[in-house]
Amino acid sequence: MSFQPVKFYQTGTYTVGNRLLGPDERSVQSGELRSNSINSGHRACQGCGEALGARYAIDAAMAESNNQLIAVNATGCLEVFSTPYPESSWQLPWIHSLFGNAAAVATGVAAALKVKGKTEVRVVAQGGDGGTTDIGFGCLSGMFERNDDVLYICYDNEAYMNTGVQRSSATPPTARTATTMPVGKEPGNVFGQGKNVPEIAMAHGIPYVATATVADLRDLEYKVRKAMKMHGARYIHIFVPCPLGWGSASHDTIKLARLAKETGTFPVFEAEHGEVTSVLKIRKKQPIEEYLKPQKRFAHLFGKHAHPEMVEHLQAIADRNIRKYGLLDEEKAHG
Amino acid sequence: MANKPFAITLKPGTSLANLTGSWRSARPVYLNRLPPCNNACPAGENIQGWLFHAESGDYEQAWRVLVRDNPLPAVMGRVCYHPCETSCNRGQLDEAVGINSVERFLGDEANKRGWKFDAPAAATGKKVLVVGAGPSGLSAAYHLARMGHQVEIQEAGPLAGGMMRFGIPKYRLPREVLDAEVQRILDLGVTLKLNTKVEHIEQSMKDGGFDAAFLAVGAHIGKRAMIPAGDAAHIVDAVSVLRSMEGEDKPMLGRKVVVYGGGNTAIDVARSVKRMGGEPIIVYRRTRDRAPAHDFEIEEALQEGVLIKWLSTIKQAEVGEITVEKMELDEKGFPQPTGEFEKLEADSVVLALGQDVDLSLLEGVSGLEIKDGTVQVAPNMMTGHDGIFAGGDMVPSERTVTVGVGHGKKAARNIDAWLRDITYAPEPKHEIATFDKLNPWYYSDADKTVRPMLDMIRRQTSFDEVQGGLDETNALFEARRCLSCGNCFECDNCYGVCPDNAVIKLGPGKGFEFNYDYCKGCGICEAECPCGSIKMVPEDI
């Protein structure tokens, strides 16, 4: 495990809080005084994983920075649903400029703070997978390469949801989107395209890169807090299911994030200076079907005109992740 | 508008003005569901409720919640067959919570630390006679006393405890444990008259000026079976054997002892014989899986060297030997004779074929219905005679200590209502928190704590207690294995997982509240509640 698990207390590490734990052992989210950085009344869909992931991450960053935090936001769902002019849900200084320049704006904010001598004020930049892996990628890479003092957080829901579910470079193979329709011999998004931004970030050799999901709050908070203790360019990639774009039930958001990790489809790890330092192990390994079936974007893989070969291919990708990152304990791998 | 900067027409506002609760088609509500353990407990204990306190290490509070329903936790923790554990949801995850061992720990803790019951309610001035100081009578006396009634127990035997003393061997229930829990009940102001056999119930009630009576005389008469026997053949019944184990003179059964029957009493006798240096053989007409004895008791008996002849009946008993006939099960599972015979050495035969009730005290009482040797009672435990209630082994039911204790509680509540001239109406039961209502992902993996067992030589030669107890650390661990099925244990999950901050945390011990102004009804809180304490209810639209 990538962090110190809470020793057995009925539910141990897994729940948000626990009445039996001391205050220092509790998660930020369990606190009555958490900052609720993105407040009620935002217009995210029912069961939005991104709204949840953003609150988890920014609340943790607020706690670690003693509430001295400025957020820079790329265009995307998160920006649109939280801040329809003139309303805002944000409970911290927050700036939005363009779709593709969040990393560059954050660099500028960090530089301005440095000039003004406000070293205690920290900067996060955040965006969806579109604003991060596609449109903002050049600015992001520049921010990494210059090692600017910014924590960039990507909330990955695997497509452009805000504009009507178009494919991004984070969309998984076979998934249905508005631009990868389930028609023809190879329905949905194709195999062999897209990019793995956490690994590209690692290739920049920046101080810290991590992945997390909304299903493992303790792990997510640990990573954000650890990143906030460091300086230089840091990148956290958070997996956030999208009920609207994925065609999943609104109450399955956390379950799907959990299954993404437990199937090996989304490896959860952290890396320092380009080197993987720890992984979150799979607790109860599940076949890929468990993850795919509750999502309508994969519906064409099953049923009357099923594509078992594509399911197998997806399983192979998950298995490769498991091997590559060592996601299974030795005994579980053999058992 | 004139004072605003270029191109700005509206003041900045907060999203709190946007009441997203109007999007909702279903609303989450908190509820309590009935944990399967509570539902299965014959004594109606709030098991999840007392484990909740034990989990935080507050053993005294745990014990106090426990004894609201059952005054004998140290006894229960030893002799109860724990249907709670059989139904425990954790059994579907890894292993059932060791409820029985935690109960015993709490009972022993209470004895060690001298905890007393809360003082009784204000005196009501009513007098209740309890006949029989067994589990049912003691339980009724306890509950009636706490309700403020004046209680007198009249017991025919020389000591209190009933079958707990004269039926259950010491290696399962050390007598000092029983004595301590009986004494605590008497300390509530209950009068106990020993060696007082009630010959005629109406007369006894009249003599003592009692307003109501609870009968719990048990079933102490061993059933006989017609076995052709020579004049000198030594045939005794199991109840008298177990009873005489309590006295100075141990029963004279000889070396080879045949025990006839397949219930828990047969096992108790055989294991006791083993401890006295005898060589017990149990003869039972059916197979192990059809024996009424609990399998773990059969297993422990076999471990200790008790021999068991399955599918056998006794045809003839003579001095020094018996003849048994082999049986086979027919397609309906009934044993049928095969005509194959076998001789066994036997210095004595102990019949453990069940017990009958001594109903002589009820002679001449009007309105009673006796069926199959037991007294029929209404759902409120009252017999056909106004003001006379009955429970325990003398009424139709499963005959265990825990059922007896449950009868005592139920009868006490109904007697109390009857004395006040009202009807006791129990609160409607919550729906059961079945396993599918839980989200077991959240519970840490933790195997059941194994209780220590006495070493084999001492199990075969002494009446020392076979099963050991837990100490404080592992009792705490075991309590914390509880899943808290159907009842919020403040894990903060709902508060954490709501994407809309629509759950309000009210603080330690106060739980949570939904903020329906903003709750969009996504249902994540219900899906991610570990213990099934949230339910989605459709909105009227």
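**Exercise 1.** Determine from its C-beta neighbours whether A:N66 is buried or exposed, then locate A:N66 and describe its phi.

*Solution.* Step 1: A:N66 has 10 C-beta neighbours inside 10 Å and therefore counts as exposed. The classes rest on other C-beta atoms, placed from the backbone, within 10 Å of a residue's own: 20 or more for buried, 12 or fewer for exposed, and partly exposed in between. The model is predicted, so local features need pLDDT of at least 70 and side-chain atom pairs pLDDT 80 or more, whereas totals for chains, interfaces and linings use all residues. Residues are numbered from 1 along each chain as its sequence is written, and chains are lettered from A and ligands numbered from 1 in the order written.

Step 2: A:N66 lies in the loop between α1 and β1 (69-73) of chain A. Helices (H or I, at least four residues) and strands (E, at least two) are DSSP runs, numbered from the N terminus.

Step 3: Phi of A:N66 is near 60°, a positive value although the residue is not glycine.

**Exercise 2.** What are the phi value and the burial class of B:D421, and in which loop is B:D421 found?

*Solution.* Step 1: Phi of B:D421 is near 65°, which is positive in a residue other than glycine.

Step 2: With 6 C-beta neighbours inside 10 Å, B:D421 counts as exposed.

Step 3: The loop that holds B:D421 connects α14 (401-419) and α15 (456-461) of chain B.

**Exercise 3.** Characterise the peptide bond between A:Y85 and A:P86, and place A:P86 in chain A.

*Solution.* Step 1: The bond joining A:Y85 and A:P86 is cis, with omega at about 5°.

Step 2: A:P86 belongs to the loop between α2 (77-82) and β2 of chain A.

**Exercise 4.** How many residues does each chain give to the contact between A and B, and which elements take part on the side of chain A?

*Solution.* Step 1: Chain A contributes 39 residues and chain B contributes 44. Two residues are in contact if their C-beta atoms, placed from the backbone, lie within 7 Å.

Step 2: On the side of chain A that touches chain B, the elements giving two or more residues are α1 (49-64), β2 (87-88) and α9 (253-263). The largest share, four residues, comes from α9(A).

Step 3: β2(A) is joined by two bridges to β1 (residues 13-14) of chain B, and these strands run parallel. A:E87 has B:G13 of β1(B) as its bridge partner. Strands pair if DSSP finds at least two bridges between them.

**Exercise 5.** Give the overall figures for chain B: its secondary structure, extent, burial and contact range.

*Solution.* Step 1: Chain B has 18 helices and 22 strands.

Step 2: Along the principal axes, its C-alpha atoms fill a box of roughly 120 × 55 × 45 Å.

Step 3: Of its 541 residues, 48% count as buried.

Step 4: Among contacts in chain B between residues at least 6 apart in sequence, 71% join residues at least 24 apart.

**Exercise 6.** Which residues of helix α3 (residues 59-66) of chain B are buried, and what covers them?

*Solution.* Step 1: The buried residues of α3(B) are B:Y59, B:A62, B:W63, B:V65 and B:L66.

Step 2: Down the axis of α3(B) these residues fall within an arc of 160°, so they line one face of the helix. The arc is that of the directions from the helix axis to the C-beta atoms.

Step 3: Their cover includes α2 (47-55), α4 (73-79) and α6 (99-113) of chain B.

**Exercise 7.** Describe the burial of strand β4 (residues 150-154) of chain B and the pairing of β4(B) with β3(B) and β5(B).

*Solution.* Step 1: β4(B) is mostly covered, as four of its five residues are buried.

Step 2: β3 (residues 127-131) of chain B pairs with β4(B) in the parallel sense over five bridges. Here B:V131 stands opposite B:Q154.

Step 3: Three bridges connect β4(B) with β5 (residues 191-193) of chain B, again running parallel. B:I153 stands opposite B:L192 of β5(B).

**Exercise 8.** Give the strand order of the open five-stranded sheet of chain B, then examine B:I281.

*Solution.* Step 1: The order is β8-β15-β9-β10-β11, with parallel pairing. The edge strands, each paired on one side only, are β8 (235-237) and β11 (307-309) of chain B.

Step 2: Within this sheet, β9 (residues 256-260) and β15 (residues 348-351) of chain B pair over four bridges. B:V258 has B:V349 as its bridge partner in β15(B).

Step 3: B:I281 is found in strand β10 of chain B. B:I281 is buried, with 22 other C-beta atoms within 10 Å.

Step 4: Leaving aside residues up to four places away in sequence, B:I281 touches B:V258, B:L307, B:K309 and B:L344. The C-alpha atoms of B:I281 and B:K256 are separated by 7.6 Å, although these residues are 25 residues apart along the chain.
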